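Colleague: Please take a close look at a single helix in this model and at what surrounds that helix. A plain account of the contacts will do.

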Amino acid sequence: MKFDTLIKGGTVVTAAETMKADVGIVGEKISAIGANLAKNAQADKVIDAKGKYVIPGGMDVHVHLDMPFMGSCSCDDYDTGHRGAAKGCVTTTIDFALPYGKDSLNKALDNWMKRAEKACVDYAFHSAISDYKRHGKEMKSIIERGVPTFKEFMIYANMGWQSDDDAIFQTLEDCRRLGGMLLVHAESSKVLDVLVERHHTPELMKKYKSRLHTMTRPHYIEYEAIQRAVTWSEVTGGKLYVVHMSTRQGTDIIKAAQERGVPVLAETCIQYLVMNDDVFKTKDGHLYACQPQLKRPEDSERLWKGLADGTVCNVSTDTCSFTRAQKAIWKGDWNKIPMGMPGLETMMPLLYTKGVLEKKISLNRFVELCCTSPAKTMNLYPRKGTIAPGSDADIAIFDPKAKKRVDHKKLQTKCDWYPVQGWDLAGFAEHTLCRGKVIVENGKFVGKNGYGQFLPRKPFSY
């Protein structure tokens, strides 16, 4: 046997099994997996993975790179964002093609394709619908371009992105007819607006500062909206995917809906698993503002249980990085904080360290949550998300015991702060391969801009 690259002596971990095996790669694909391949094979490049885990490249299906937002623009783009992804074992990202002003969906997709020309790992897109009357007519053509997932926001009227119940209902009908899936940002905007208005006084802002961000977003702001979205999915039969779920009540709603046979899936983000809203009591609390906001430890506990039992199918980041200077434009008004945090480089290390090492989830479930399930839910499996002959040679190798202390100065992000600064984490890549090419070697990024490819996806089966 002759391979371009041979990964030898490692422990191969997939969603289904863990085994001592070598992995042979020819071109961009995995060619063979087996014990002692190295004895009877030749390879141009050999990677010694003894004592290391060899896992499928991870997938973050919810990122915002180079995104104009709230008077600023997220500071990590397809260069720094993807470099960090690779060092954190992630080889595929899915961003959102957002329309601005009167943009069509096709124009928005063209704009994001241009942003991604510098991509270092592979990528796909979701298409964001902000005006159903115009954009609903484009759904078929967007699916034909390889983008069968659509996003609607139940908030952000000020950005021109808000979709009301009638739009969500009709989009779900169209998804069933065309083979699409709808991603929903579930928060109840009108009640939220009432609570914001009641608290938006100089006296309260001076007293509570960034704590008002969480005080004006009680749990029902999310779970009531999730319930409505689930209802429209149940009525129409359209596939629904709830993004960045953060509450225990929302998790219960999703579980009950799934048990009734509603075609609904839900992700959570790593920050909701490992942090809570006590951060808003600190001097730099405004840095942690995101939507939905961090919740309570009991919500994290319920989300972990949801990950373990399958109610929650994926872990993502909702990466949207802003520097201290960008965040500072709030000037005491929590409504003006650019919402979002960095997280691409540490998603998988955090889930491995806080999940696997602390025995909340198994090693195989970790791979399923970060690699296999995201690929399946987004119609990229088995090309992505597994280690199997014929699959893309997207592979990450890490030492299960080696820990590094998180320091934003040593990460790839342009952000000059980090939510988990100073935490000791295992699971950073020693080697990462994307379609057979080594892009992280001995912990150093060695890839290049423009290597990443767009991944067109087929319509969903109904």
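**Helix H6 and its surroundings**

Modeller: On one side of H6, Lys 190, Glu 197 and Arg 198 are exposed, opposite the buried residues. The model is a predicted one. Helix H6 covers residues 189–199, and its buried residues are Ser 189, Leu 192, Leu 195, Val 196 and His 199. Viewed down the axis of H6, these buried residues fall within an arc of 125 degrees, so they line one face of the helix. The general background is that an α-helix has 3.6 residues a turn, so residues three or four places apart point the same way.

What do the buried residues of H6 pack against? Their partners are helix H7 (202–208), H8 and helix H9 (219–236).

Of these partners, H8 spans residues 211–215 and includes Thr 214. Thr 214 has a relative accessibility of 15% and therefore counts as buried, the cut-off being under 20%. Its side chain makes a polar contact of 3.3 Å with the side chain of Asp 277. Leaving aside residues up to four places away in sequence, Thr 214 touches Asp 277, Phe 280, Gln 293 and Leu 294.

Another buried site is His 244, in the loop between strand S13 (240–242) and H10. With 2% relative accessibility, His 244 counts as buried. The side chains of His 244 and His 185 make a polar contact at 3.2 Å. Not counting residues up to four places away in sequence, His 244 touches His 62, His 185, Glu 222, Glu 267, Thr 268, Cys 269, Tyr 272, Gln 291, Pro 292 and Asp 318.

The loop that holds His 244 leads to H10. Helix H10 (residues 248–259) packs with helix H12 (residues 297–309) at an angle of about 25 degrees, their axes being 8 Å apart. Angles under 35 degrees count as roughly parallel, and H10 and H12 are therefore roughly parallel to each other. On the H10 side of this packing are Arg 248, Gln 249, Thr 251, Asp 252 and Lys 255, which meet Glu 298, Asp 299, Arg 302, Leu 303, Gly 306 and Asp 309 in H12.

As for the nonpolar interior, the largest core has 130 residues, and Leu 351 and Phe 366 touch the most other members. Helix H15 (residues 363–377) gives the largest share of this core, seven residues. Apart from this core lies another, of 15 residues, among them Ala 21, Ile 387, Ala 393 and Val 438.

Key:
Residues are numbered from 1 along each chain as its sequence is written. This is a predicted model: local features need pLDDT of at least 70, side-chain atom pairs count only at pLDDT 80 or more; totals for chains, interfaces and linings use all residues. Side-chain values use heavy atoms; hydrogens and water are left out. Helices (H or I, at least four residues) and strands (E, at least two) are DSSP runs, numbered from the N terminus. Buried means under 20% relative accessible area, exposed over 50%, partly exposed in between (1.4 Å probe, protein chains only). A polar contact is a pair of N or O atoms within 3.5 Å; within protein, one must be able to donate a hydrogen and the other to accept it, and residues adjacent in sequence count only if both atoms are side-chain atoms. Contact means heavy atoms within 4.5 Å. The arc is that of the directions from the helix axis to the C-beta atoms. A nonpolar core is a set of buried Ala, Val, Leu, Ile, Met, Phe, Trp, Tyr and Cys residues joined through side-chain atoms within 4.5 Å. Axes are lines fitted to C-alpha atoms, for helices over the stretch in contact, and angles run from 0 to 180 degrees between N-to-C directions. Angles under 35 degrees count as roughly parallel, over 145 as roughly antiparallel, 65 to 115 as roughly perpendicular and the rest as oblique.
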